[in-house]
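Colleague: Please take me through one part of this model in close detail. I would like the annotated site and the strand that leads into it, then whatever surrounds them.

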Amino acid sequence: MAVNEFMHPRNRYRQRPNFQQLVKQYPELSDVASVDLAGKVKLDYRNKRAVHLLSKCLLLRDFGLKLELPPDKLVPTLPLRLNYIHWLEDIGTVARWEQERKQPVRGIDIGCGASCIYPLLAVVQSNKRWHMVAIEKAQDSVESAKANVIRNELQSCIEVKSQKLEGSTILLDVLEDFPNERFDFCMCNPPFYDSGAKELKPQDRTGKRREPSNASTGSLEELCTEGGEVKFIGQIIEESLLLKDRIAVYTTMIGHKKSYEEVLRILKHASVHNVTASRFCQGNTTRWAVAWSFDDTVLLSLVPNSHTANGNGNNPSPGKKKPIGKPVACRIFTPEEMDSMQGVRNYLTAQLRSIEIDVRTVLESGKAEEMVLELTARENTWSHQRRKRRAAQITSPDKTRVIPSQNGNGTEVCQENNNNKKRPRLEMELSDTCSQQADDRKDEQPYVRAAVHIQRKDDGYYVALQYVAGVAGKDAVNQILQYLKNTIKAKPTPDTTEDGGKEDTKC
């Protein structure tokens with residue numbers, strides 16, 4: 001099934017090129033093109049020369065890039081490469097790589113190959129605002145990559161570096177040559193296959209996998225590595241734990257869904273929670289991608305992935321006509337009710353901290369049009385607020401005792417009640433239990449962590465909450481937003497509905 005409709009919305013190859021016009025513009029394509037009975041010009045993608053010529057012609061026509069490749073090297077197909085670049089642009093928007101800074105965006109391409117295609121596309125696509133370091137281990141590919149950079153006169157934007165043949169690291173040795181520099185991102189298209197495997201093709205679990213529609217290109221070192229892509233990416237993750245924010249965002253493409261799931265498990269096991277993932281769809285091919293960061297100012301949960309990259313949160317998975325969820329949002333103040341973003345932030349911060357939710361400011365735009373906060377809750381303190389207020393009204397200030405109650409995820413939390421004359425022994429036991437629970441929670445994953453995006457629009461101030469991590473899941477984010485709405489009496493907006501006077505926060 002073709003999945004072009006699920007390409008990134010900015011990918012120019014969502015619409016298939018007009019081969020008839022392309023052949024007229026580049027006559028050399030006529031040697032590999034054919035005309036069917038209806039007079040339609042077609043290319044045979046199983047022909048390696050056809051794939052090679054098509055990539056060269058499209059690069060020249062659409063990007064002004066001149067590319068030469070050795071005959072035995074991997075031929076870069078452009079829709080996939082452009083999907084990756086557009087996803088990095090989305091990450092850069094959240095990380096504000098190009099806002100309020102004069103220095104160029106700095107990136108590293110791990111394994112640039114003979115084509116050096118990703119650095120070339122990144123530089124041209126960004127109008128030379130992105131500068132790249134391209135690293136490669138195979139010496140013949142290094143020479144070819146350098147030649148392609150020189151051919152396009154981009155030496156001032158792209159530096160091709162040779163990795164040590166005897167080296168056992170991927171990033172550590174390279175960054176020793178840049179001791180005082182911090183990079184914005186790294187990217188990687190790793191070898192998909194295990195060099196120890198009997199054959200170079202993905203596992204067919206159902207027996208229904210179709211043969212590839214494109215010709216297979218690439219040398220053995222470009223397609224294979226010891227242990228396959230999981231081991232290769234696992235090493236990048238290990239090195240990132242040492243480098244931390246020397247690179248703001250680590251990214252990689254993944255060839256197989258099984259590997260993608262394993263990479264996510266590795267990140268979780270390493271306690272890396274600032275993670276986002278995406279899927280690149282093109283032609284009959286699907287690839288996966290993962291990004292992670294140790295930079296507290298980069299909230300990757302706000303990056304649109306392939307499910308929500310079209311901006312409406314309603315882009316379904318291939319083969320599934322089903323909408324995907326989006327951050328829960330509502331308008332919280334009109335311009336008359338609040339006069340500044342700082343006032344909104346202070347109000348929300350006070351409300352959340354009053355129920356023992358930690359809040360910190362992650363991002364604040366220079367024009368004060370938007371802010372990003374991060375909230376962290378260690379337990380459910382927002383449920384049953386009316387009941388708690390009633391209990392507080394009848395509680396004597398000098399006579400209280402601790403009783404347990406359910407916190408929403410089935411565990412007990414500590415509350416106070418006025419009747420401390422009865423069962424003093426039980427009171428002491430429960431107090432000890434609550435203290436022990438508090439100690440045990442210190443090293444646990446939070447109950448919920450979420451990003452709070454505040455934005456000022458013409459008709460008021462809007463807040464959107466997006467789940468980041470936590471054992472409570474996304475339902476807790478809905479509950480917190482509903483708590484805020486109940487507390488500050490938010491007004492319904494087109495993004496919220498009314499049901500008997502109650503606003504539904506679910507998207």
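Modeller: A cut-off comes first: buried means under 20% relative accessible area. With that in hand, take strand β4. This is a predicted model. W130, M132, A134 and E136 point one way from β4, H131, V133 and I135 point the other way, and all are buried. In general, side chains in a regular strand alternate between the two faces of the sheet. Seven of the seven residues of β4 are buried, so the strand is largely enclosed by the rest of the structure.

What does β4 pair with? Six bridges join β3 to β4, and the two run parallel. I110 stands opposite I135 in β4.

Now the site itself. The UniProt record, an unreviewed entry, lists R81, G111, E136 and N189 under "binding site". E136 lies in β4, which spans residues 130-136. Is E136 buried or exposed? Its relative accessibility is 10%, under the 20% limit, so E136 counts as buried. Leaving out residues up to four places away in sequence, E136 touches G111, C112, G113, S141, V142, K161, S162 and Q163. One of these, G111, is also on the record's list. The side chain of E136 has a polar atom 3.1 Å from the backbone nitrogen of A138.

N189 is another listed position. N189 sits in the loop between β6 (183-188) and β7 (193-194). At 19% relative accessibility, against a limit of 20%, N189 counts as buried. With residues up to four places away left out, N189 touches R81, I110, Y118 and M253. R81 is on the record's list too. I110 has already come up, as the residue opposite I135.

Next, the loop after β3. S115 is placed between β3 (105-110) and α4 (117-125). S115 has 6% relative accessibility, so S115 counts as buried. A polar atom of the S115 side chain lies 3.2 Å from the backbone nitrogen of I117. Beyond residues up to four places away in sequence, S115 touches L67, L69, P76, L120 and N148.

N274 gives another loop to look at. N274 lies between α9 (257-269) and β10 (275-282). At 16% relative accessibility, N274 counts as buried. A polar atom of the N274 side chain lies 3.1 Å from the backbone nitrogen of L300. The contacts of N274, again without residues up to four places away, are A291, W292, S293, D295, V298, L299, L300 and S301. L300 thus appears in the contact list and in the polar pair.

For another sheet, turn to β14. An open sheet of five strands runs in the order β12-β18-β17-β14-β13, with antiparallel pairing. Which strands stand at the edges? They are β12 (328-333) and β13 (358-364); each has a single partner strand, so one side of each is left without a neighbour in the sheet. From one strand to the next, the twist averages 25°. Helix α10 (residues 341-353) packs on this sheet. The helix touches β12, β13, β14, β17 (448-457) and β18 (460-469), and its direction makes about 5° with that of β14.

Inside that sheet, β14 pairs on both sides. β13 and β14 (residues 370-377) pair in the antiparallel sense over six bridges. In β14, V372 is the bridge partner of L363, and L375 stands opposite V359. Toward β17, eight bridges join β14 to that strand, again antiparallel. There Q455 is the bridge partner of E370. Seven of the eight residues of β14 are buried, so β14 is largely enclosed by the rest of the structure.

Last, the whole chain for scale. The protein has 13 helices and 20 strands. Of its 507 residues, 48% count as buried. Among contacts between residues at least 6 apart in sequence, 71% join residues at least 24 apart. The accessible surface comes to about 26800 Å², and 47% of that belongs to carbon and sulfur atoms.

Definitions and conventions
Residues numbered from 1 in each chain as written. Predicted model: local features only at pLDDT ≥ 70, side-chain atom pairs only at ≥ 80, totals over all residues. Heavy atoms only, no water. UniProt positions renumbered as here; feature names shortened; annotations may be inferred. Helix = DSSP H or I, 4+ residues; strand = E, 2+ residues; numbered from the N terminus. Buried < 20%, exposed > 50% of the residue type's maximum accessible area, 1.4 Å probe, protein only. Contact = heavy atoms within 4.5 Å. Polar contact = N/O pair within 3.5 Å; in protein donor to acceptor, adjacent residues only side chain to side chain. Areas by Shrake-Rupley, 256 points an atom, 1.4 Å probe, with all protein chains shown as cover. Pairing = 2+ DSSP bridges. Axes fitted to C-alpha atoms, helices over the stretch in contact; angles between N-to-C directions.
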